[in-house]
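Me: I would like to go through this structure with you and ask, for each label, what justifies it. Please set the value against the cut-off before you conclude.

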Amino acid sequence: MEELHRVGPRTVVWLNEAQHYLGDPHAGERIAAAIHTLLVQPERGPVLVLGTLWPDYATQYTTLPPPMAPDPHSRVRELLAGRIVHVPVAFDPAALAKATTLAEAGDRLLADALTRARSGGRLTQDLAGAPELLHRYDTASPPARALLDAAMDARRLGVSLHLPQAPGSPGHKAGAERKVHGRASEAVAVRSGSGR
């Protein structure tokens, strides 16, 4: 968020997994307000703000709360209103034909993705690297696989993306230097191979 004031004309702001920004309980509403301000100030544009957002989060952020209930996503809802573009799981035949035309015109990345994704039409997933991520997961060493499993379990249980580092690990900061969202963090260590 602290960098949004530096965004100038002809800039693309990319919010990958936008729920990590817009859904943050401490900063999400401020981020939505800052993005809205960026988009409505004519002297700052043209600017494109593009992000990915899972459907469940889009529903959570755009649904009005019941009367008298807290409204934790009012600015996010305002920002997203009329701006959500739903991307289908797979390209339909017409979209695949258009992608093929672009690939034949020289788009090598698209041509490469089409060699793997044409039959199922799941071109978006291929371009986002899903097959490579799955391959790395499937071929990971046991310690790496245990760490990935623990990280996925932690995310499913609601743990933040920003995990504190264990004492003695590379990059670990001690005492007053170790802060997570403005408060001292607790050390978390994950032992490879535990529980799997």
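Me: Why does Met 68 count as exposed?

Reply: This is a predicted model, and in it Met 68 has a relative accessibility of 85%. Exposed means over 50%, so Met 68 at 85% counts as exposed. Met 68 lies in the loop between α3 (55-62) and α4, and its phi is positive, at about 70°, although Met 68 is not a glycine.

Me: Why is Glu 17 called partly exposed?

Reply: The relative accessible area of Glu 17 is 25%. Buried would require a value under 20% and exposed a value over 50%, so Glu 17 with 25% falls in between and is partly exposed. Glu 17 sits in the loop between β1 and α1 (19-22), and Glu 17 has a positive phi of about 55° without being a glycine.

Me: What makes Thr 52 partly exposed, and which residues is Thr 52 in contact with, leaving aside its neighbours within four places in sequence?

Reply: Thr 52 has 31% relative accessibility, which is neither under 20% nor over 50%, and therefore Thr 52 counts as partly exposed. Thr 52 belongs to the loop between β2 and α3. With neighbours within four places in sequence set aside, Thr 52 is in contact with Trp 14, Leu 15, Asn 16, Glu 17, Ala 18 and Gln 19. For Gln 19, which is 33 residues away along the chain, the C-alpha separation from Thr 52 is 8.2 Å.

Me: How do you know that His 73 is buried?

Reply: The relative accessible area of His 73 is 11%, and buried means under 20%, so His 73 is buried. His 73 is found in the loop between α3 and α4. When neighbours within four places in sequence are left aside, the contacts of His 73 are Leu 22, Glu 29, Gln 60 and Tyr 61.

Me: Why is Asp 126 called buried?

Reply: Asp 126 has a relative accessible area of 9%, and this value is under 20%, so Asp 126 is buried. Asp 126 is placed in helix α7 (residues 123-127). Leaving aside neighbours within four places in sequence, Asp 126 is in contact with Ala 113, Arg 116, Ala 117 and Pro 131.

Me: Why are α5 and α6 described as oblique to each other?

Reply: Helix α5 (residues 93-104) and helix α6 (residues 108-117) pack at an angle of about 130°, with their axes 8 Å apart. Roughly perpendicular covers 65 to 115 degrees and roughly antiparallel begins over 145, so the angle of about 130° belongs to neither class and the pair is oblique. The crossing of α5 and α6 is left-handed.

Me: Which residues of α5 and α6 meet, and how many of the residues in this contact are nonpolar, polar or charged?

Reply: On the α5 side, Leu 96, Ala 99, Thr 100, Leu 102 and Ala 103 meet Leu 110, Ala 111 and Leu 114 of α6. The residues of this contact comprise 7 nonpolar, 1 polar and no charged.

Me: Which residues touch the most other members of the largest nonpolar core?

Reply: That core holds 16 residues, of which Leu 4, Val 7, Val 13, Leu 22, Ile 35, Leu 38 and Val 76 touch the most other members. The elements that contribute two or more residues are β1 (11-15), α2 (28-40) and α4 (74-80), and α2 provides the largest share, 4 residues. Apart from this core lies another of 8 residues, among them Leu 96, Leu 110, Leu 114 and Leu 123. In soluble globular proteins, nonpolar side chains tend to be buried together. As for Val 13, and not counting residues up to four places away in sequence, Val 13 touches Leu 4, Val 7, Leu 38, Val 47, Leu 48, Val 49 and Leu 50.

Me: What is the omega of the peptide bond from Gly 45 to Pro 46, and where is Pro 46?

Reply: The bond from Gly 45 to Pro 46 is cis, with omega near 5°, and Pro 46 is in the loop between α2 and β2 (47-51).

Me: How many helices and strands does the chain have, and what percentage of the residues is buried?

Reply: The chain has 9 helices and 4 strands, and buried residues make up 21% of its 196 residues.

Key
Residues numbered from 1 in each chain as written. Predicted model: local features only at pLDDT ≥ 70, side-chain atom pairs only at ≥ 80, totals over all residues. Heavy atoms only, no water. Axes fitted to C-alpha atoms, helices over the stretch in contact; angles between N-to-C directions. Left-handed = near helix turned anticlockwise from the far one by under 90°. Contact = heavy atoms within 4.5 Å. Nonpolar A, V, L, I, M, F, W, Y, C, P; charged D, E, K, R; others polar. Buried < 20%, exposed > 50% of the residue type's maximum accessible area, 1.4 Å probe, protein only. Core = buried A, V, L, I, M, F, W, Y, C linked by side-chain atoms within 4.5 Å.
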